[in-house]
4 protein chains.
Amino acid sequence: MKRIAVVGGRGFVGGELLRLLVHHPEVEVTAVTSDTHAGRAVETAHPPLRGSGLRYGRREDLEPADLIFLAGVHGSTAKILDDTAALAPKIVDLTADFRLADAALMERYYGWRRDGEHAAPFVRGLPELHREEIAAADRVAVPGCMATSAILSLAPLAARGLLRDIDVDARTGSSGSGASSGDANSHALRSGVMRVFAPFGHRHEAEVSEALGVAASMTVTATPQVRGVQTLAKVDVGEVSERELLGMYREDYAKEPFVRLVNSPRGTYRYPDPKVLLGSNFCDVGVVVDGRGKALVMGSIDNLMKGAAGGAVQCMNLMLGLPETYGLTFPGLHPV
Amino acid sequence: MKRIAVVGGRGFVGGELLRLLVHHPEVEVTAVTSDTHAGRAVETAHPPLRGSGLRYGRREDLEPADLIFLAGVHGSTAKILDDTAALAPKIVDLTADFRLADAALMERYYGWRRDGEHAAPFVRGLPELHREEIAAADRVAVPGCMATSAILSLAPLAARGLLRDIDVDARTGSSGSGASSGDANSHALRSGVMRVFAPFGHRHEAEVSEALGVAASMTVTATPQVRGVQTLAKVDVGEVSERELLGMYREDYAKEPFVRLVNSPRGTYRYPDPKVLLGSNFCDVGVVVDGRGKALVMGSIDNLMKGAAGGAVQCMNLMLGLPETYGLTFPGLHPV
Amino acid sequence: MKRIAVVGGRGFVGGELLRLLVHHPEVEVTAVTSDTHAGRAVETAHPPLRGSGLRYGRREDLEPADLIFLAGVHGSTAKILDDTAALAPKIVDLTADFRLADAALMERYYGWRRDGEHAAPFVRGLPELHREEIAAADRVAVPGCMATSAILSLAPLAARGLLRDIDVDARTGSSGSGASSGDANSHALRSGVMRVFAPFGHRHEAEVSEALGVAASMTVTATPQVRGVQTLAKVDVGEVSERELLGMYREDYAKEPFVRLVNSPRGTYRYPDPKVLLGSNFCDVGVVVDGRGKALVMGSIDNLMKGAAGGAVQCMNLMLGLPETYGLTFPGLHPV
Amino acid sequence: MKRIAVVGGRGFVGGELLRLLVHHPEVEVTAVTSDTHAGRAVETAHPPLRGSGLRYGRREDLEPADLIFLAGVHGSTAKILDDTAALAPKIVDLTADFRLADAALMERYYGWRRDGEHAAPFVRGLPELHREEIAAADRVAVPGCMATSAILSLAPLAARGLLRDIDVDARTGSSGSGASSGDANSHALRSGVMRVFAPFGHRHEAEVSEALGVAASMTVTATPQVRGVQTLAKVDVGEVSERELLGMYREDYAKEPFVRLVNSPRGTYRYPDPKVLLGSNFCDVGVVVDGRGKALVMGSIDNLMKGAAGGAVQCMNLMLGLPETYGLTFPGLHPV
């Protein structure tokens, strides 16, 4: 059994991560920390962990582990990276701190200057694009949830030079705002919204640009779900047919355990919809063309799973030499 | 036009009150205060007031008015009552501070000791039970939302001596928790709940007891709506038939503008359901018997309307000698 | 009092229309018909009409009126137009049958061939673009809900030649699917969806193209609200600044009673969101630029109000020479 | 691997059952039937089964199996019981047909006369009360969802003679109405309801009476969740303290794998709430006393899991001699 620690286990991502790890066949959670909840039972924050016996500790008391997940607030990883690296040979980061390789992008989107030593390479935690690097890496940074959906749904086109600048229309449920999200995310004010909270310039946009190698513009709307992220993008594909496009996706993703091509001519579930992905680690992707040279590319995920904790466990499996799907086989709960 | 001021206009009740007053044919809002938002446009907190031109002021700057609504946090009215009374001959209080006449109940449920001078009589703001007192009163205290539903649905039985001790099962949407309601009322954590947050001893229970003159026990469950309160109570009615019970309700409420008896043998809307009352000032009540001496008594309201701001405006109309239904004729929005 | 009849009063649009007409100061509803519900009280379908005394009749029994609304299923108006025209000098159609002037578009999007006599001119029921024609018209066709939001939000750009082909991203709540909407719109299956049900070619797309004079492509996603439509569109505006764009919108809409420009730098309600429009007849529009020549244009409405019944009453007011805002002043219910 | 067939696999219960069985370590699904969907892929109805390769067949083509689940509409089991019994030595019934042992109750609540041969004994499928009988049984009938919650939460009191007549207040999400649930359960009409659809006499009431041996009266309210059932009951416990009551529950349930006693003095998750049980097979129970001789007894389940498919698989495990928790260890998804 591999020894795993989670730093910052109080938020929704931390809770989901712990749920996955506690039921994982080859790892054990040796420590969970929370700056604010040290000493309390983990189940007080995360009811699915009732009976787990886990209790929050302090980060200062962490002992060595085989791998440490960093799931604190954005900005916290940069501060504790050296300490963490001294305790574990492998680190999976769930904050935004090292998602971008390009320091200029980092400064533009985050206003953060990255000093030399912290430019230590983190591999982008998308096994579908970087499986071998992740397996060999000591440090992996899990991408943002909307970035994950956009990148995976558009990558086959990018790989074939079919993308130029792209507009991504992203929709996100409320769990993406975290466990302490303020009055604007209170139930009364967030229920039923179509709140365009980032017309342009959302931070995940930078990740899409960097990963796909094209200029991306992302518009983000807060939607009424708790879980779920969906991204749409319209792409000019000229003479390329839907059949050819579907062929590209099949070619790239046929063997992927967590990417499914969803494109049904009929029925209720014709295209990627986060509604059917709750609790699963799938990224469903789809593409349709309109007969006039335009394609609609769709991606959907459970933002706390493939968009965060699930993706992180998938990376962990690769980094520890375990089967990639261990702990991640839940097929989604439906209807909820 | 009567001059009206609202103290504490930033919360949901304050916003609803302002919406009603701004469209009221015989009053004008001369001031709205907020301790935290003085200087800002009211529409930043309450979008339905876009274009009203209202701006939050400071309570200290209030000028005389014909009637002042006190809609601050619970506990605030007791502190500012004398100041307010010096500015307006009539006060409608929407906090809990003077809902209970019995000082012992107040102490038991709120832990507050009421000193002599503040024992100044407030009339209970339920026109259906106290219309004439309200019309003559200088000070009216609007009851709690769940109390309103329970009292109005059970009053015809209480008036006829058919109630002994009662158990009230109350369900409440998230807007009842106010505009700043903490992490437990965040969208992610409050969505989809059936959270029994007060198994016994909720403060509104005391109002029911006092108003109906019987010992009441209330269980409160937080439910997934934003707006809406429903109360159920089972009552032993012995040999009294459903027909006779319905007759009692008709007798008491036939002329009431805002109480409707809802009891349809068929259809989707057979009994009181807050779903069909959104934005309206109605309290729908219903009663069914089981053929074995037991009756189910149901009440439903929009908690921000009949359960707070709507009820308050209804009282204001009476206190100012205006037609009771002025500003309150919206029939409910459906479906939402 | 003008005499008004409603044909097809059982659906959501019919119910909303009746709610507005019953509370309208200058009209009376003289008849409501339903093919399936003749003989039943209208309140069995529409609870806000409790106490109205309205009862469904048969279309065959209609008597002359000043104006008749046709709110049946799509396709029904074409069949009964002549009969209806014999009963009333003025008709407002809420079906899709005469929304498109171009017979070729009609055939392409609906598969319907329009024969000569039925090419009788219907004016597009958007007062903001066609106020004088509507006031003079005998026949007005209210546009589709998503078309209304897209057209009003993009019209100022179209009028200034700033639009070329456009992509419209439309999101719609479940009430748009009507009162009998099948298993796919059951609560269990529709809750929490992000269902792209029309990637391309939605019928409202044709209306946008025709009204704005540019080729439009519309993608429609079913979202978890009951009420509400939002449309987004990204437009290349080159060197035109946000300030200049906002100026265009102000110029066109400053005097419009039901179009508001919403563009706040801060706060919870920065851009058009149907959440704050429930029950209101407003169309909120907004525009933001990204500093790189691209603008995001947003529109939001309550689909049953400005997108159907509210827009229809606004047209009726103009057609009957009444003040345009009569019966339509409800400012929106918030929060719900 | 045991061979399992599912008759009636198109509804929500059927889908959930298949999801559990497909991931179960010791069984294989050899056939799934649907009267209306024979020939189609199962994933068209149940997206979590994407990739399973399962296809609906016809009941007439069923081959022998080790155990057959009957998950059709109520009333269907009685008709096909003999046919089914000829194919499999063990049957788990998820319809209501054989839930009641008492033929008189059956006739009163269902209006069904049970003829002699079909009085064949079915064991009540509640392992917590009947583990040994289930393990030895050929035929097991899974109780109704609300009955399950009520029975398990009240059984410790019934076993100790502390119950007399009881009133059960039951709340149920929309998935309990099934996959084809009509206009009243459309998203627009079911969202946000508090619909008392059974003030008295719900069929599950009969099961509670029979299982607990006391007269039960159940009031059922349709609530806005998709999944989840909660039952509350107030019980006069006289001098028995909360501590003693909790002791009884611990005594009875300490070793139960799927019943948890939830009673926290503080925090967001103090009492049983279906919100935290989504996808899990737990029944959370709780009890609080008010200091005046009254106890509030609470139960919560995921109605499609412990209230149907999960409970059925738990019975299957016992009937086949497998570990009771196989296939049922998912701890619940939170937040959703």
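# A walk through chains A and C

Start by showing chains A and C together: 36 residues of chain C are in contact with 36 residues of chain A. Keep in mind as you go that this is a predicted model.

**Stop 1: the side of chain C that faces chain A**

Select β8 (166–172), α6 (187–190), β9 (195–198), β10 (216–222), β11 (229–236) and β14 (294–301) of chain C; each of them supplies at least two residues of the side of chain C that touches chain A. Which element gives the most to that side? Highlight β14(C), which gives the most, with four residues. Now colour that side of chain C by residue class, and you should find 17 nonpolar, 10 polar and nine charged residues.

**Stop 2: how the two copies are related**

Zoom out until both chains fit on the screen. Superposing chain C on chain A takes a rotation of 180 degrees with 0.0 Å of shift along its axis, and the RMSD is 0.0 Å. The two copies are thus related as by a two-fold rotation axis. To find your way to that axis from chain C, pick Pro224(C): its C-alpha is the nearest to the axis in chain C, 3.2 Å from it. The copies meet through the same surface, because 100% of the interface residues of chain C are also interface residues in chain A.

**Stop 3: strand β11 of chain A**

Hide chain C for now and select residues 229–236 of chain A, which make up strand β11. Is this strand largely enclosed or left open? Seven of its eight residues are buried, so β11(A) is largely enclosed by the rest of the structure.

Next, add the strands it pairs with:

- Strand β8 (residues 166–172) of chain A runs antiparallel to β11(A), and five bridges join the two. Click Ala170(A) and you'll see it standing opposite Thr231(A) in β11(A).
- Strand β14 (residues 294–301) of chain A also runs antiparallel to β11(A), joined to it by eight bridges. Here, look for Ala233(A), whose bridge partner in β14(A) is Val297(A).

**Stop 4: an open sheet in chain A**

Stay in chain A and turn to an open sheet of seven strands with parallel pairing, in the order β3-β2-β1-β4-β5-β7-β6. What stands at the edges? You'll find β3 (56–57) and β6 (123–124) of chain A there, each with a single partner strand, so one side of each is left without a neighbour in the sheet.

Inside that order, select β5 (residues 90–93) and β7 (residues 139–141) of chain A, which run parallel and are joined by three bridges. Val92(A) stands opposite Val140(A) in β7(A). Then add helix α2 (residues 76–87) of chain A: this helix lies across β1 (2–7), β4 (67–70) and β5 of chain A, and runs at about 170 degrees to β4(A).

**Stop 5: the two domains of chain A**

Finally, give each domain its own colour. The domain assignment of chain A puts 2–143 + 306–319 in domain 1 and 145–302 in domain 2. Their centres, taken over C-alpha atoms, are separated by 24 Å.

Where the domains touch, 22 residues of domain 1 of chain A are in contact with 24 residues of domain 2 of chain A. On the domain 1 side, α3 (103–110), α4 (127–136) and α9 (305–319) of chain A each supply at least two residues. Pick out α9(A), which gives the most to that side, with six residues. By class, the domain 1 side has 11 nonpolar, five polar and six charged residues.

How values were computed:
Residues numbered from 1 in each chain as written. Chains lettered and ligands numbered in written order. Predicted model: local features only at pLDDT ≥ 70, side-chain atom pairs only at ≥ 80, totals over all residues. Contact = placed C-beta atoms within 7 Å. Nonpolar A, V, L, I, M, F, W, Y, C, P; charged D, E, K, R; others polar. Buried ≥ 20, exposed ≤ 12 C-beta atoms within 10 Å, placed from the backbone. Pairing = 2+ DSSP bridges. Least-squares fit on C-alpha atoms with pLDDT ≥ 70 in both. Axes fitted to C-alpha atoms, helices over the stretch in contact; angles between N-to-C directions. Domains from an automatic or database assignment.
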